[in-house]
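Here's a quick look at the aromatic side chains in this protein and who they sit beside. Have the structure open while you read.

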Amino acid sequence: MSATVVLGAQWGDEGKGKLVDILSADIDVCARCAGGNNAGHTIVVPVGSENVKKTFAFHLLPSGLVNPKCTGLIGSGVVVHLPSFFEELDALQSQGLDCSNRLFVSDRAQLVFDFHQIVDGLKEVELGGSSIGTTKKGIGPAYSGKASRSGLRVHHLFDHETFAQRFRKLVEGRFKRYGTFEYDTEGEIERYKVLAERLRPFVIDSVVYIHQALSSGKKILVEGANALMLDIDYGTYPFVTSSSTGIGGVCTGLGIPPKLIGHTIGVIKAYTTRVGGGPFPTEQLNDTGVHLQEVGHEYGTTTGRRRRCGWLDLVVMKHSNLINGYDSLNLTKLDVLDDLEEIRIGIKYVVEGKELPGFPANLEILDKVQVQYVTFPGWKSSIASITSYEDLPQNCKEYVEYIERFLKVPVRWIGVGPERESMITK
C-alpha cells in the first residue's frame with residue numbers, strides 16, 4: 001500500500017521518462033502530480049509484432065501510458081491546457097498507442113488557457129534583461145491564478161453559463177493588467193463548450209480513485225515533472241517553475257499522505273544541464289560544454305532550445321537529496337562521457353575562502369562561488385552496448401561509485417543510450 005516516486009534531481013531533462021517507461025511495465029497506475037505541458041519526456045520503444053522502434057514525446061500525459069496495461073492519471077496539482085491535452089493524445093493514438101479507457105484527469109486540476117500563454121510572453125517582455133526563460137506555455141500565469149483564487153478548474157467546465165461568466169471576468173482582468181491584446185473571448189467560450197464534452201469521460205475524483213487503487217493493492221508510480229532545482233521553494237528562485245517539483249508536490253498534487261510514499265528514486269544525469277536563464281555554477285562555456293551538448297543531443301523536448309551544459313554538481317545533488325530523501329538513483333546518459341580524456345565533479349562551493357554549508361538561497365552569493373572539483377581519468381571507450389555493471393570499464397565504475405559514496409545513496413540504474421534496453425541494473 002505505497003506509491004513509488006520518480007523525481008528529477010537536478011534542473012530537469014535528466015531522462016525520467018525512460019525509467020518511468022521501464023518501471024511502468026510492472027505498474028497499474030502512472031500519475032502526474034504537478035506542472036503542465038512544460039514538461040518533456042522522450043521515450044524510444046519497440047511497437048507491434050515487428051518491434052519497430054517508435055519515438056514518443058510526452059509533455060502533459062503520464063509517460064507510463066507507453067505500457068498498454070498501465071492507466072494514466074493527471075492529478076489535482078497539474079495545470080491542464082485542454083487543446084494540448086487532446087493534441088498529445090491524438091498524436092499518441094495515431095502512432096498506434098491506444099489510450100482508450102485508461103487515462104483520467106482530476107476534477108480539481110486547474111485549467112491553462114491560451115490567454116495564459118499570451119500573458120506568459122508579455123511577462124517575459126516586461127522582465128526584459130532579467131527574463132526567466134519560461135517555456136511560454138502559460139504555466140506560471142495559471143498557477144498565479146490558482147494562488148489568487150481566481151482560476152478555473154476542470155469541474156467548472158460542466159456548468160457552462162457560470163464558466164462563461166468567470167472566464168470573461170478573467171480575461172477582462174488580464175486586459176486591465178497588460179492592455180488589450182488580440183484574443184477572441186467569446187470564441188474561446190464556445191470552443192471550451194465543445195472541449196468540455198470531449199473531456200467529460202476522462203474526469204474523475206482523483207483522490208477517491210488513487211486511494212481505492214492503493215487500498216486494493218495496485219502498484220502506483222508517480223512521475224515527477226521538471227526537477228528539484230526548479231522547485232518554487234527550493235530551486236534557484238526566481239529562475240524556477242511555478243509548482244512544487246519535489247516530494248512535497250507528490251503529497252499535495254495527488255492527495256496522498258507521506259506514509260503512503262514508498263520508494264523515492266532520484267534521476268540524475270551524469271553531467272549537468274539546464275534550460276533558460278539562471279545560475280549554473282558548473283557550466284562549461286568551452287569545448288567540453290559543446291561536446292556534452294552535441295554528443296548528448298541536448299535540445300529541449302518541449303521547446304527545442306539548446307540546453308546549457310556543465311560538469312556534474314554534487315553540491316546540487318546533496319541539496320536535492322536532503323529535500324527529497326532518495327532511496328536510490330538512476331544515473332543517466334553516462335555514455336555521453338565516453339570520449340572525454342578527463343571528467344570532473346563539483347563537490348564544494350567556496351566563497352571568500354570559506355566552504356558554504358549548503359546550496360545558497362541568495363543568487364548574489366551563488367554568483368560568487370568558486371567550485372572545487374575532483375578529477376577522474378576518462379575511460380575512452382564506448383559503453384553503449386554494455387548490459388552489466390561488471391563489464392563497465394574500471395574508470396567508469398570508479399566515477400559511479402564516487403557519486404554513491406558522496407551522496408550515501410545507491411545508484412540502481414545506469415543509462416547508456418536512448419533505447420529502453422540501454423539501461424544497466426546495478
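Is Phe-113 buried or exposed? Phe-113 comes out as buried, at 0% relative accessibility. Keep in mind that this is a predicted model.

Across the whole structure, a search turns up 21 aromatic pairs. One of them joins Trp-11 to Phe-280, with 5.6 Å from centre to centre and 50° between the planes, which makes the pair tilted. These two rings come from distant parts of the chain, 269 residues apart. Trp-11 is in the loop between β1 (3-8) and α1 (16-23), while Phe-280 is in the loop between β12 (272-274) and α9 (287-295). Trp-11 is buried at 3% relative accessibility, and Phe-280 is buried too, with a relative accessible area of 7%.

Now back to Phe-113. Its ring pairs with that of Phe-115: the centres are 5.7 Å apart and the planes meet at 15°, under the 30 degrees cut-off, so this pair counts as stacked. Phe-115 is also buried, at 0% relative accessibility.

Phe-113 and Phe-115 belong to one aromatic cluster, along with Phe-163, Phe-167, Phe-175, Phe-181, Tyr-183 and Tyr-192.

Charges get in on the act as well. In the two cases below, the charged end of an arginine sits over a tyrosine ring.

| Arginine | Tyrosine ring | Distance from ring centre |
|---|---|---|
| Arg-177 | Tyr-178 | 4.4 Å |
| Arg-344 | Tyr-373 | 4.3 Å |

Technical notes: Residues are numbered from 1 along each chain as its sequence is written. This is a predicted model: local features need pLDDT of at least 70, side-chain atom pairs count only at pLDDT 80 or more; totals for chains, interfaces and linings use all residues. Side-chain values use heavy atoms; hydrogens and water are left out. Rings of Phe, Tyr and Trp (its six-membered ring) pair if their centres lie within 6.5 Å; planes under 30 degrees apart count as stacked, over 60 as edge-to-face and the rest as tilted. Helices (H or I, at least four residues) and strands (E, at least two) are DSSP runs, numbered from the N terminus. Buried means under 20% relative accessible area, exposed over 50%, partly exposed in between (1.4 Å probe, protein chains only). A charge sits over a ring if NZ of Lys or CZ of Arg is within 6 Å of the ring centre and within 35 degrees of the ring normal.
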